Amino acid sequence: MNYIYDILVNFNEKEVYDFYEWEKTDNIEHLRRIPIFKVNTSTLKDFKKNRVKISNDFLLRLKNKTEIFCNKLIQFIEYASIFTDGSDLVVTEFSKEGEQILKSSMLLDEALDALDESDFMNETSIEYEVIEKLNYDEFKTRNERKIFDYIKKELNILIKSKNYDKLKYLYFEWYNKKEKNINKIIEELNKILNLEFSSKHTKLFELIKFSNMKKQL
């Protein structure tokens, strides 16, 4: 079995954040070693973009092979591995049932070392199934997705609670005109979420956040 040593990971449930999107508040972990397997590009895409469940036979190959530094001690992550097609990679942790529960990218220099290592590896065929299709816009940055999600959540709350005054206010702030027809307001505000990200989204996000903070005071 091939291993990669001494790397940092930023495990998350669904999205794989590129190293330049890691934040200080993220739970960055230091792995002493972790197995690495070379797979075909289709398999890597499923492991990175969706949520998969691997076979029990392959899961057992991973058991206690990953070591993590924890307060000067070395502990085990029961089931984890790096998967690569030689051009890209993803670090994944699995549950005892073989379901993918966490995933991460790697720092650039560490990822390049892992890709170099994979040049000397044969492809491994892994039996798995896709158990959840994960739909998120990979062309938006982490911060942009957070802003869109926040606006979408706020609009849903306002629509559900029939807070028409605030919906009219947000409509005016975005479109710079007044509108009385609430159905049109809702329709036009939802269109915002399908537009290419711009500074207007940031301004609307900050406006909503500020208004919600005032409400809590």
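Modeller: A salt bridge is a side-chain nitrogen of Lys or Arg lying within 4 Å of a carboxyl oxygen of Asp or Glu. The structure is a predicted model, in which local features need pLDDT of at least 70 and side-chain atom pairs count only at pLDDT 80 or more, while totals for chains, interfaces and linings use all residues. Residues are numbered from 1 along each chain as its sequence is written, and side-chain values use heavy atoms, with hydrogens and water left out.

Colleague: Which residue meets Lys 166 in a salt bridge?

Modeller: The closest approach is 2.9 Å, N to O, between the side chains of Lys 166 and its partner. Lys 166 belongs to helix α5 and the partner to helix α4 (residues 142-160), twelve residues apart; helices are DSSP runs of H or I with at least four residues, strands are runs of E with at least two, and both are numbered from the N terminus. The partner of Lys 166 is Glu 154.

Colleague: Are Lys 166 and Glu 154 buried or exposed?

Modeller: The answer rests on relative accessible area: under 20% is buried, over 50% is exposed, and the range in between is partly exposed (1.4 Å probe, protein chains only). Both Lys 166 and Glu 154 are buried.

Colleague: How many salt bridges does a search of the whole structure find?

Modeller: The bridge between Lys 166 and Glu 154 meets the definition at 2.9 Å. A search of the whole structure gives a number of salt bridges equal to 13.

Colleague: How far apart in sequence are the parts tied together by Arg 33 and Glu 67?

Modeller: Arg 33 and Glu 67 form a salt bridge whose closest N and O atoms are 3.7 Å apart. Arg 33 is in strand β2 (residues 29-38) and Glu 67 in strand β4 (residues 66-70), so the separation in sequence of the parts they tie together is 34 residues.

Colleague: Which strand holds Glu 132, the salt-bridge partner of Arg 51?

Modeller: The closest N and O atoms of Arg 51 and Glu 132 are 3.0 Å apart. Arg 51 lies in strand β3 (residues 51-54), and the pair ties together parts that are 81 residues apart in sequence, because Glu 132 lies (residues 128-132) in strand β9.

Colleague: Is Arg 51 buried, exposed or partly exposed?

Modeller: The relative accessible area of Arg 51 is 21%. Its partner Glu 132, at 26%, is partly exposed. Arg 51 therefore counts as partly exposed.

Colleague: How many aromatic pairs does the whole structure contain?

Modeller: Rings of Phe, Tyr and Trp (its six-membered ring) pair if their centres lie within 6.5 Å; planes under 30 degrees apart count as stacked, over 60 as edge-to-face and the rest as tilted. The number of aromatic pairs found in a search of the whole structure is twelve.

Colleague: What is the arrangement of the rings of Phe 19 and Tyr 20?

Modeller: The ring centres of Phe 19 and Tyr 20 are 5.4 Å apart, and the angle between the planes is 80°. The pair is edge-to-face.

Colleague: What is the arrangement of the rings of Tyr 171 and Tyr 175?

Modeller: The centres of Tyr 171 and Tyr 175 are 4.8 Å apart, with 35° between the planes. The two residues are separated by about one helical turn, because they are four residues apart in helix α5 (residues 164-175). Tyr 171 is buried at 1% relative accessibility, whereas Tyr 175 is partly exposed at 25%. The pair of Tyr 171 and Tyr 175 is tilted.
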